[in-house]
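Please open the model in your viewer and keep the selection tool at hand. This tour goes from place to place, saying what to select next and what can be found there.

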Amino acid sequence: KIIIYMVLGVSVNYLAVLIVALVNFFIGFLWYGPLFGKVWIKAMKFGDKDMKKAKEKGMAWPMFIALITSIVTSFILVVFVGLTGANSVLNGAFVGILVWLGFFLTTSIGSMLWEGKSASLFCINTTYDLVRFIIMAGILASW
């Protein structure tokens, strides 16, 4: 039986939240791994020392935290999707674009301008956010 609770008058399907969180986690793995990992490492200006240090620290704790943040993101996104009344992949994808445009793109521009992040890093990260929010919100709206 699927457990559904109301949050702000929105039905929340926790199974959908968990599955979409895992999808988000997998998109991140692909994006920053085989698809754009080498370009991202270069844009971050990581050298051999940085990579060696990261490997020595291990990835278990950062991966666990990433999974938790993915669950939180999915939960908040399902509430946004529900509040808009989106009930199809296309409508959900539009909600994902709006969330990206209003919250992620604007924050990333600030990081690029004020923190000195490169344009290539900006493009890699913001395109990742756009893709994942379109997919996540599309799935949640159609669920």
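## The largest pocket

Begin with the largest pocket of this predicted model, which has a volume of about 1100 Å³. Its lining is made up of 29 residues, and if you select Gly28, Tyr32, Trp40, Met59 and Met63, you will have marked the ones closest to the centre of the pocket. Next, colour helix H1 (14–35), helix H2 (37–43), helix H3 (48–57), helix H4 (60–84) and helix H6, since each of these supplies at least two residues of the lining. Among the contributors, H4 gives the most, with 7 residues. When the lining is sorted by class, you should find 14 nonpolar, 8 polar and 7 charged residues.

## The second largest pocket

Now move to the second largest pocket, whose volume is about 190 Å³. Of its 13 lining residues, Ser11, Asn13, Val78, Leu140 and Trp143 are the closest to the centre, and these make a useful selection. Strand S2 (10–13), H4 and H6 each supply at least two residues here, and it is S2 that gives the most to this lining, with 4 residues. By class, the lining of the second largest pocket divides into 10 nonpolar residues, 3 polar residues and no charged ones.

## Helix H3 and the residue after it

Select H3 next, and look at how its residues are covered: of the 10 residues in this helix, the count of buried ones is 0. Then step to Gly58, just after H3, where the backbone takes a positive phi of about 90°.

## Where H4 meets H5

Show H4 together with helix H5 (residues 89–115), and turn the view until you can follow both axes, which lie 10 Å apart while the two helices pack at an angle of about 115°. The crossing of H4 past H5 is right-handed. To see which side chains take part, select Leu77, Phe80, Val81 and Thr84 in H4, and then add Val95, Val99 and Phe103 in H5, which they meet. This contact has 6 nonpolar residues, 1 polar residue and no charged ones.

## Met112 in H5

Stay with H5 and select Met112, which is found in this helix. With a relative accessibility of 25%, Met112 counts as partly exposed, because that class covers values between 20% and 50%. Leaving aside neighbours within four places in sequence, Met112 is in contact with Lys117, Ser118, Ala119 and Phe122. If you draw a distance from the C-alpha atom of Met112 to that of Phe122, it should read 6.5 Å, although the two are 10 residues apart in sequence.

## Two residues of H6

Finish in H6, beginning with Asn125, which has its place in this helix (residues 119–142). Is Asn125 buried or partly exposed? Its relative accessible area is 23%, so Asn125 is partly exposed. Not counting residues up to four places away in sequence, Asn125 touches Tyr32 and Trp40, and both of these are among the residues closest to the centre of the largest pocket. The C-alpha atoms of Asn125 and Lys42 are separated by 13 Å, with their positions 83 residues apart along the chain.

The last selection is Asp129, also found in H6. Asp129 counts as buried because its relative accessibility is 8%, and buried means under 20%. Setting aside neighbours within four places in sequence, you can show its contacts by selecting Trp100, Phe104 and Ser108.

Technical notes: Residues numbered from 1 in each chain as written. Predicted model: local features only at pLDDT ≥ 70, side-chain atom pairs only at ≥ 80, totals over all residues. Heavy atoms only, no water. Buried < 20%, exposed > 50% of the residue type's maximum accessible area, 1.4 Å probe, protein only. Contact = heavy atoms within 4.5 Å. 1 Å grid on protein atoms, 1.4 Å probe; cavity = no way out; pocket = protein on both sides within 12 Å on 5 of 7 lines; lining within 4 Å. Points joined across faces, edges and corners; volume = space filled by probe spheres on them. Nonpolar A, V, L, I, M, F, W, Y, C, P; charged D, E, K, R; others polar. Axes fitted to C-alpha atoms, helices over the stretch in contact; angles between N-to-C directions. Left-handed = near helix turned anticlockwise from the far one by under 90°.
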